[in-house]
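I opened my notebook to keep track of what I looked up here. Short entries, one topic at a time.

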Protein chains: 2
Amino acid sequence: MASSYGQFCPVAKAMELLDERWTMLVVREMIAGSQHFNDIRRGVPNMSPTLLSKRLRTLGRAGVVERWEHGNRVTYQLTQAGRELVPIVEALGQWGIRWIGELGEEDLDPHLLMWDLRRNIAVDRMPPGRTVIGFTFPDLEPAARDWWAVVTDEVDICDHDPGFEVHVRVLAPLRTMVQVWRGDIGWADATRSGDLVVEGPSRLRSALPEWFLLSDFAATPRPGPEAVTSISVGG
Amino acid sequence: MASSYGQFCPVAKAMELLDERWTMLVVREMIAGSQHFNDIRRGVPNMSPTLLSKRLRTLGRAGVVERWEHGNRVTYQLTQAGRELVPIVEALGQWGIRWIGELGEEDLDPHLLMWDLRRNIAVDRMPPGRTVIGFTFPDLEPAARDWWAVVTDEVDICDHDPGFEVHVRVLAPLRTMVQVWRGDIGWADATRSGDLVVEGPSRLRSALPEWFLLSDFAATPRPGPEAVTSISVGG
DNA sequence: CAGTATCCAGTTGGATACTG
DNA sequence: CAGTATCCAACTGGATACTG
């Protein structure tokens with residue numbers, strides 16, 4: 001673990017635990033509902049399993065996470081201390097979406113986007129039976145370009161053609177789709193500018209925006225342009 | 001700077017900046033009012049000046065801090081983005097004081113304690129004229145044992161005898177004094193147990209507790225014992 | 001599924017001394 | 001006062017492969 005700051009300040013003591021790389025993202029992932037090792041991994045795909053294991057143990061020692069074994073299934077759960085991180089993670093996300101606007105190319109991960117979408121499709125607003133939504137990111141290499149959301153009473157995400165008829169298709173550069181998801185730009189604006197195109201029967205085309213619940217942070221009010229001094233974390 | 005997490009999630013983007021070691025403590029120090037390089041340093045004494053310089057530049061690039069030169073004096077100020085970290089730092093401190101109870105020996109820094117006290121003595125509740133409060137931490141080596149707070153209309157902290165008559169003296173192990181400051185234990189409890197002793201005229205002895213404004217986090221309600229699973233961040 | 005084992009490159013940041 | 005310069009040990013964590 002990170003070495004001590006040598007301060008009794010509660011902020012310092014909290015950060016000794018929480019400012020270790022990946023830690024807050026693991027907590028975020030657990031807040032989002034992941035309870036199993038490989039579920040959490042899906043939310044932090046760039047983290048090695050060794051490191052995730054280590055972080056979970058550190059969080060366990062700190063009393064933030066509890067590990068339960070039942071049979072040969074392992075479950076991780078937030079303790080009371082962990083649940084009290086919810087408002088902090090929310091505040092960090094709100095701050096992040098207000099003040100860190102720039103996304104690098106390396107931030108645009110289609111797996112993560114689809115993983116997020118999966119949890120946020122309003123199944124109950126969709127037609128009964130099976131609906132297949134196609135996603136195409138024309139700017140990506142062929143292997144990552146096409147995705148399918150097969151919606152029944154649950155949502156399955158496929159990165160290979162599941163073979164079903166596609167009822168409606170969304171086409172947009174990955175960056176645009178991510179920005180729509182984050183609420184950086186509105187669905188209507190993206191459509192109007194031509195960056196985002198929906199193909200399919202007009203009834204589905206007009207219904208589709210209602211199916212997507214955007215990121216929890218999408219509705220966060222953004223700072224007016226007068227408040228922006230500079231936003232650049234690169235370099 | 002820390003490498004990217006490769007995620008567009010606003011929490012991840014925020015943490016790319018904020019989870020770098022020392023960063024939040026620099027922000028905390030600026031929230032507490034420090035505006036000059038060496039003032040900030042006093043709040044993060046274990047941080048090398050090189051590193052502080054680097055962090056201030058990173059925070060500058062990120063639009064959290066602004067650097068002003070006037071004459072040969074340099075001032076650092078929080079921007080709007082920086083001021084919006086205030087609730088996050090407060091929440092982190094509240095979480096820290098609730099859930100990270102253990103303080104290691106290395107966390108007990110008398111300089112930091114006196115530096116904190118300096119900012120939190122209620123001068124207006126004290127007798128007019130000069131009042132000198134002595135502090136003795138009997139458990140410390142002689143060089144760090146005795147401190148003086150010379151209160152006039154402002155507060156001066158001395159680690160060498162300033163030569164004035166001491167009107168009232170507080171004696172306590174450093175850990176006890178820190179715990180009182182943090183609100184982990186009450187002044188009255190510390191006195192009753194004999195860990196903390198006040199010497200001087202009875203009028204001053206009984207007035208003295210009113211002079212100390214404790215840490216901003218002292219009043220944070222603590223979790224009931226039933227909520228505590230384990231608290232240990234050690235290695 | 002739920003992790004461990006191993007290895008090593010790269011980076012961080014601590015220590016110390018120095019400068020305009 | 002407000003930083004820079006330099007050096008290097010230690011540690012982190014990324015990559016990859018493997019296991020019960």
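**Entry 1: DNA strand D**

I began with DNA strand D, keeping in mind that this is a predicted model. I found 17 residues around this strand, and the closest are A:R55, B:T50, B:S53, B:R67 and B:Y76. Then I checked which part of the DNA faces the protein: sugar and phosphate make up 75% of the atoms of DNA strand D that come within 4 Å of the protein.

Next I looked up some polar contacts to the phosphates. The side chain of B:S53 has an N or O atom 2.7 Å from a phosphate oxygen of DNA strand D. B:V74 uses its backbone instead, with an N or O atom 3.2 Å from a phosphate oxygen of the strand. Chain A joins in too: a polar side-chain atom of A:W22 sits 3.2 Å from a phosphate oxygen of DNA strand D.

Which element gives the largest share of the surface near DNA strand D? I got α4(B), with four residues. At least two residues each come from α4 of chain A and from α3 (37-43), α4 and β2 (73-78) of chain B. Sorted by class, I noted seven nonpolar, five polar and five charged residues on this surface.

**Entry 2: DNA strand C**

On to the other strand. DNA strand C has 17 residues around it, and A:T50, A:S53, A:R67, A:Y76 and B:R55 come nearest. Sugar and phosphate account for 80% of the strand's atoms that come within 4 Å of the protein.

What does A:T50 reach with its polar side-chain atom? I found a base nitrogen of DNA strand C, 2.5 Å away. A:R67 goes for the backbone of the DNA: a side-chain N or O atom lies 2.5 Å from a phosphate oxygen. For A:V74, I wrote down a backbone N or O atom 3.2 Å from a phosphate oxygen of DNA strand C.

Here α4(A) supplies the largest share of the surface, four residues. The elements giving at least two residues each are α3 (37-43), α4 (49-61) and β2 (73-78) of chain A, plus α4 (49-61) of chain B. My class tally reads seven nonpolar, five polar and five charged.

**Entry 3: where the two chains meet**

I turned to the contact between the chains, which takes 70 residues from chain A and 71 from chain B. Together they bury about 5900 Å², with 65% of that on carbon and sulfur atoms. On the chain A side, A:Y5, A:F8 and A:W95 lose the most area to chain B, together 15% of what that side buries.

Then I picked one helix pair across the chains. Helix α1 (residues 10-18) of chain A packs with helix α6 (residues 86-99) of chain B at about 85 degrees, their axes 7 Å apart. That angle is why I call α1(A) roughly perpendicular to α6(B). Among the residues making the contact are A:V11, A:M15 and A:L18 from α1(A), and B:V89, B:L92 and B:I97 from α6(B). I counted by class again: 10 nonpolar, two polar and no charged residues.

**Entry 4: a helix pair inside chain A**

Last lookup: helix α2 (residues 23-31) and helix α6 (residues 86-99), both of chain A, pack at about 110 degrees with their axes 10 Å apart. So α2(A) is roughly perpendicular to α6(A). A:M24, A:V27, A:R28 and A:I31 in α2(A) meet A:V86, A:I88, A:V89 and A:L92 in α6(A). The class tally for this contact is seven nonpolar, no polar and one charged.

Notes. Residues are numbered from 1 along each chain as its sequence is written. Chains are lettered from A and ligands numbered from 1 in the order in which they are written. Side-chain values use heavy atoms; hydrogens and water are left out. A residue is near a molecule or strand if one of its heavy atoms lies within 4 Å of it. A polar contact is a pair of N or O atoms within 3.5 Å; within protein, one must be able to donate a hydrogen and the other to accept it, and residues adjacent in sequence count only if both atoms are side-chain atoms. Ala, Val, Leu, Ile, Met, Phe, Trp, Tyr, Cys and Pro count as nonpolar, Asp, Glu, Lys and Arg as charged, and the others, Gly among them, as polar. Axes are lines fitted to C-alpha atoms, for helices over the stretch in contact, and angles run from 0 to 180 degrees between N-to-C directions. Angles under 35 degrees count as roughly parallel, over 145 as roughly antiparallel, 65 to 115 as roughly perpendicular and the rest as oblique. Contact means heavy atoms within 4.5 Å. Buried area is the accessible area (1.4 Å probe) that two parts lose on being put together, summed over both.
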